[in-house]
Amino acid sequence: MKYAEEIELRWGFIGCGEVTEKKSGPAFGMLPGSTIHAVMSRDSEKARSYAERHNIPLWYSDAQELIDDPDVNAIYIATPPSSHATFAIMAMKAGKPVYIEKPMAASYSDCARINRVSQQTGVPCFVAYYRRYLPYFQKIKELLSRNVIGKINDVQIRFSVPPRDLDYNRDNLPWRLHPDIAGGGYFYDLAPHQLDILQDYFGVILDAWGCCANRAALYKAEDTVSACFRFENGIIGSGSWCFVGHESAKEDRIEINGEKGRLNFSVYTYEPITIYTERGVETLKIENPEYVQMPLIKAVVNHLQKKGTCTCDGISATPVNWVLDKILGKI
């Protein structure tokens, strides 16, 4: 296929929101053999401004036009989840590999649709679960592989944040609080990174149960979630998410309990990794790159240029959506 023969990857961005400014966008143009050729937003002024600020040659206000651009040979999808499947399928049917922001889609069924088209066309699909490739989380994986805390007994996720100012604006709520766009509320937006990294460590989650509630009634989506789950290796886990908590009770922690100790880390605040064993307490501060998606994007570029293999694909990302949908009672 054409993309496999290309030396230079020329990316087209569908969507140019905050994530592309701070986490991912610049990385596509900082790697050898990778450039940003075009950007698209339904808001033509936004697309034009983004292209000018980032020295991108072309901008579009129509996704199909960007996909049809013969000089674009790879697509980055950075739109809300409800449109991920549509744009990914359009791109893959045009023979152009895709890199999709997380979550992969707004539902497990949409993930399955994307995977079917990827398999039918032979065009790769990658998903932006970039924490798998960050030094911080790779260090945790190394500690687990060295059995620093022994055989793992259980895993606990604890996450609590207060409402944002925008959450009180009923007439103009963030898209992340519209289940038809996001798949759910903040749980569907934030829990995926936590669940994906744990599945990277312990394997696929085979069973999941959950209860969800709307305690503050600020919006229609769930604002409080509790869940239990079991990994394929038999390890059990639980999670508690509250998006209307008190400022004093903010928490971002995953705790892994083993027969010889405990390991604590965060997913969003990158607090120092803390290890509790009979030797005492040890803390590790691990720095991440400026653009946190850089290591994963590098792996994707190398994969498409036949220089390596990136396993952060649609197949490995889909179980996250299955767990989300199970916890929320969608399947």
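Which residue takes a positive phi just after H11? I looked there to start with, and found Lys306, with a phi of about 60°. A note to myself before going on: this is a predicted model.

**Helix H11**

While I was there, I checked which residues of H11 are tucked away. The helix covers residues 294-304, and its buried residues are Met294, Leu296, Ile297, Ala299, Val300, Val301 and Leu304.

**The core**

Next I looked up the largest nonpolar core, and it has 108 residues. Trp11, Tyr99, Phe202, Ile256 and Phe265 have the most contacts inside this core. I also asked which element gives the most to the core, and it is H10, with 10 residues.

I picked Tyr99 for a closer look. Leaving out residues up to four places away in sequence, Tyr99 touches a good list of partners, including Trp11, Phe28, Tyr76 and Phe126. From H11, Leu296, Ile297 and Val300 are among the residues that Tyr99 touches.

**Aromatic rings**

How many aromatic pairs does the structure hold? I got 19. I took Phe202 and Phe231 as my example: their ring centres are 5.4 Å apart and their planes sit at 65°. An angle over 60 counts as edge-to-face, so that is what I call this pair.

Then I checked where the two rings come from. Phe202 belongs to helix H10 (residues 186-202) and Phe231 to strand E9 (residues 224-231), so their pairing ties together parts that are 29 residues apart in sequence. Both Phe202 and Phe231 are buried.

I followed the ring pairs further and ended up with a cluster. Its members are Tyr136, Phe137, Tyr201, Phe202, Phe229, Phe231, Phe265 and Tyr270. Phe202 and Phe265 I already had on my list of core residues with the most contacts.

Some rings have a charge over them too. Arg131 has its charged end over the ring of Tyr268, 4.6 Å from the centre. Arg262 does this with Tyr276, lying over the face of the ring at 3.9 Å from its centre.

**Salt bridges**

My search of the whole structure gave 17 salt bridges. I wrote up three pairs and one network.

- Glu142 and Lys139: their side chains meet with N and O 3.3 Å apart. Both residues sit in helix H8 (residues 135-145), 3 residues apart, which is about one turn of the helix. I remembered that an α-helix has 3.6 residues a turn, so residues three or four places apart point the same way. Glu142 is partly exposed, at 32% relative accessibility, and Lys139 is partly exposed at 22%.
- Asp189 and Arg176: here the closest N and O atoms are 3.0 Å apart. This pair links distant parts of the chain, since Asp189 is in helix H10 while Arg176 is in the loop between strand E7 (152-160) and helix H9 (179-182), 13 residues apart. Asp189 is buried, at 11% relative accessible area, but Arg176 is partly exposed at 29%.
- Asp207 and Arg230: the closest N and O atoms are 2.2 Å apart. Asp207 is in strand E8 (residues 205-213) and Arg230 is in strand E9, so this bridge ties together parts that are 23 residues apart in sequence. Asp207 has a relative accessible area of 24% and counts as partly exposed, and Arg230 is partly exposed too, at 31%.
- The network: salt bridges link Arg158, Glu251, Glu255 and Arg262. I had met Arg262 before, over the face of Tyr276.

**Cysteines**

How many disulfides does a search of the whole structure find? The count came back as 0. I checked Cys111, and the nearest cysteine sulfur belongs to Cys125, 8.7 Å away. The cut-off for a disulfide is 2.5 Å between sulfur atoms, so Cys111 is in none. Cys211 is in no disulfide either, and its nearest cysteine sulfur is that of Cys212, 7.6 Å away.

Are these two cysteines buried or exposed? Cys111 is buried, with a relative accessible area of 0%, whereas Cys211 is exposed at 57%.

**Leu324**

My last lookup was Leu324, in helix H12 (residues 314-327). Leu324 counts as buried, at 0% relative accessibility. Setting aside neighbours within four places in sequence, I found Leu324 in contact with Phe187, Tyr188, Ala191, Pro192 and Leu195. I also compared Leu324 with Gln199: they are 125 residues apart in sequence and 13 Å apart in space, C-alpha to C-alpha.

Note on methods. Residues are numbered from 1 along each chain as its sequence is written. This is a predicted model: local features need pLDDT of at least 70, side-chain atom pairs count only at pLDDT 80 or more; totals for chains, interfaces and linings use all residues. Side-chain values use heavy atoms; hydrogens and water are left out. Rings of Phe, Tyr and Trp (its six-membered ring) pair if their centres lie within 6.5 Å; planes under 30 degrees apart count as stacked, over 60 as edge-to-face and the rest as tilted. Helices (H or I, at least four residues) and strands (E, at least two) are DSSP runs, numbered from the N terminus. Buried means under 20% relative accessible area, exposed over 50%, partly exposed in between (1.4 Å probe, protein chains only). A charge sits over a ring if NZ of Lys or CZ of Arg is within 6 Å of the ring centre and within 35 degrees of the ring normal. A salt bridge is a side-chain nitrogen of Lys or Arg within 4 Å of a carboxyl oxygen of Asp or Glu. A nonpolar core is a set of buried Ala, Val, Leu, Ile, Met, Phe, Trp, Tyr and Cys residues joined through side-chain atoms within 4.5 Å. Contact means heavy atoms within 4.5 Å.
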